[in-house]
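Work through these exercises with the sequence and the 3D structure open. Try each task before reading its solution.

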Amino acid sequence: MLDVLETIVDGVRNAALMAYEVWWALVLGFLVSAIVQAWVPRARIEASLSGGGPRAVGLATALGAASSSCSYAAIAIAKSLFQKGASAASALAFQFASTNLVWELGLVLWILIGWQFALAEFVGGLVMIALMALGLRAFVSPRLEARAREHAIEADTGHEHHSVGSQLAWRERLRSVEAWSDVAHNFRGDWQMLWKEIGVGFLLAGFVGLLPTDVFNTLFVTDAPAAVRTIENVLAGPLIAVLSFVCSIGNVPLAAVLWSGGISFAGVMAFIFADLIVLPILAIYRKYYGTAYMVRIGALMLVTMVAAALVVDVVFGAAGLIPSARPAPGDVFGGIELDYKLALNAVALAVFAALIALTRRRGATDPVCGMTVDRAKALTLRERGRTVYFCSEHCRHAYAAESAVTAPAP
């Protein structure tokens with residue numbers, strides 16, 4: 001029993017130390033993402049991406065790179081774009097960019113395992129988008145794409161934040177409490193969507209880091225010819241990602257442990273790329289677009305992720321950019337010292353607390369979807385002398401219908 005308790009304590013301590021290493025980077029990344037979401041007009045984005053072609057794919061890539069790194073947010077926004085006329089290629093490009101080209105992900109990778117992995121993430125993201133655009137029609141026919149669009153329109157949930165920040169001049173936004181409230185609510189919304197993935201990612205990394213080296217040698221081919229080892233690792237990486245249920249930034253801590261444990265450079269990159277095909281997200285694809293489209297785009301994504309990891313491995317290997325040294329588990333998890341990280345984490349904690357406090361002061365919880373909304377801009381409903389706040393007409397209508405069913409007869 002003491003050994004079990006000691007193992008649990010060691011695993012949790014490892015997870016906490018790794019979270020400490022990247023806390024400031026996470027807060028900074030989510031803050032930048034929240035500002036973009038709150039202050040860049042959604043209608044302008046949707047209008048720019050309507051239709052298909054290289055220009056729309058390029059715009060989708062750029063806008064995705066400036067968006068949230070949350071996989072769930074990325075697929076929700078991509079669905080909205082797809083509903084409003086964006087091609088499947090543009091919607092998928094937005095998803096790939098949102099989860100591979102965002103700078104907060106690169107920053108966390110850089111901190112945990114090195115700048116080479118951060119650079120490989122950006123290069124691989126662009127390669128995946130190019131391969132996806134070129135190979136889309138081999139997996140998804142125009143007829144299937146049209147059926148998926150109809151299914152997405154029918155599956156619309158209607159959830160949205162009502163933002164005023166994008167309607168103000170930049171100087172006014174910086175001084176406006178309402179504009180910063182928009183930022184704060186997007187910031188809180190991203191954390192609400194991702195805290196479980198991030199937390200599970202750190203915990204998995206913390207406990208996997210306790211495993212002996214022999215476990216990794218059994219899981220990954222390490223003593224075969226380089227080509228055989230690379231192919232096995234690049235296929236094992238996505239499989240681990242799918243089974244771990246961890247996506248977005250949450251898979252970076254586990255990627256650091258896998259790299260420390262012996263998986264190849266290509267295997268690490270394939271694991272990181274595979275955050276858009278974990279089982280919960282595949283279930284969302286099925287709900288949004290139907291089973292046939294989910295299976296086809298899932299297969300397309302898997303192929304492009306494996307291919308991109310192999311391309312990055314070859315290019316970086318030829319350029320001498322693949323790190324030769326691997327960190328020891330102690331180096332991956334780090335420690336707490338009186339240094340710049342302590343100061344940055346303290347500032348990040350203050351920013352986090354201030355933004356959450358702003359949402360608590362101005363916000364209310366939608367009883368239907370759980371989204372936190374600004375009371376000054378939310379849709380409302382009066383019920384038994386109190387005001388109920390909603391993120392959208394969809395939620396207000398659903399609540400009103402349910403209340404009518406469950407309310408006792410007068």
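Axes are lines fitted to C-alpha atoms, for helices over the stretch in contact, and the angles between them run from 0 to 180 degrees between N-to-C directions. Keep in mind that this is a predicted model.

**Exercise 1. Describe how α7 packs with α14.**

Step 1. Find the helices: α7 covers residues 115-139 and α14 covers residues 265-273.

Step 2. Take the geometry. Two packed helices are described by the angle between their axes and the distance between the axes. Here the axes come within 11 Å and cross at roughly 60 degrees.

Step 3. Classify the angle. Perpendicular begins at 65 degrees, and roughly parallel means under 35. The pair α7 and α14 is therefore oblique.

Step 4. Add the hand: α7 passes α14 in a right-handed crossing.

Step 5. List the contact. From α7 come Gln116, Phe117, Ala120, Glu121, Gly124, Gly125 and Met128. From α14 come Phe265, Val268, Met269, Ile272 and Phe273.

Step 6. Sort the contact of α7 with α14 by class: eight residues are nonpolar, three polar and one charged.

Step 7. Look at the spacing. An α-helix has 3.6 residues a turn, so residues three or four places apart point the same way.

**Exercise 2. Repeat the analysis for α15 and α16.**

Step 1. Locate them: α15 spans residues 279-289, and α16 spans residues 291-318.

Step 2. Read off the packing. The angle is about 135 degrees, and the axes are 7 Å apart.

Step 3. Classify. Roughly antiparallel needs an angle over 145 degrees. The packing angle makes α15 oblique to α16.

Step 4. Give the hand: the crossing of α15 past α16 is right-handed.

Step 5. Name the partners. Leu282, Tyr285, Arg286 and Tyr289 of α15 meet Thr291, Tyr293, Met294, Ile297, Gly298 and Met301 of α16.

Step 6. Sort them. The contact of α15 with α16 has seven nonpolar residues, two polar and one charged.

**Exercise 3. Is helix α13 enclosed or open, and what follows it?**

Step 1. Set the cut-off: buried means under 20% relative accessible area.

Step 2. Count. In α13 (residues 251-261), eleven of the eleven residues are buried. Among them are Asn251, Pro253, Trp259 and Gly261.

Step 3. Conclude: with that count, α13 is largely enclosed by the rest of the structure.

Step 4. Move past the helix end. Glycine 262 follows α13, and its phi is positive, near 125 degrees.

**Exercise 4. Compare the surroundings of isoleucine 231 and alanine 364.**

Step 1. Place each residue. Isoleucine 231 lies in helix α12 (residues 226-244). Alanine 364 lies in strand β1 (residues 363-365).

Step 2. Check exposure. Isoleucine 231 has a relative accessible area of 48%, so it is partly exposed. Alanine 364 has 15% and counts as buried.

Step 3. Set sequence against space. Isoleucine 231 and glycine 267 are 36 residues apart in sequence, with their C-alpha atoms 8.2 Å apart. Alanine 364 and alanine 376 are twelve residues apart, with a C-alpha to C-alpha distance of 9.8 Å.

Step 4. List neighbours. Leaving out residues up to four places away in sequence, alanine 364 touches Met371, Thr372, Val373, Arg375 and Tyr389.

**Exercise 5. Summarise the whole chain.**

Step 1. Count the elements: the chain has 19 helices and four strands.

Step 2. State burial. Of the 410 residues, 51% are buried.

Step 3. Give the surface. The accessible surface is about 18400 Å², and carbon and sulfur atoms hold 65% of that.

Step 4. Weigh the contacts. Among contacts with a separation of 6 or more, 78% join residues 24 or more positions apart.

Key
Residues numbered from 1 in each chain as written. Predicted model: local features only at pLDDT ≥ 70, side-chain atom pairs only at ≥ 80, totals over all residues. Heavy atoms only, no water. Helix = DSSP H or I, 4+ residues; strand = E, 2+ residues; numbered from the N terminus. Buried < 20%, exposed > 50% of the residue type's maximum accessible area, 1.4 Å probe, protein only. Contact = heavy atoms within 4.5 Å. Areas by Shrake-Rupley, 256 points an atom, 1.4 Å probe, with all protein chains shown as cover. Parallel < 35°, antiparallel > 145°, perpendicular 65-115°, else oblique. Left-handed = near helix turned anticlockwise from the far one by under 90°. Nonpolar A, V, L, I, M, F, W, Y, C, P; charged D, E, K, R; others polar.
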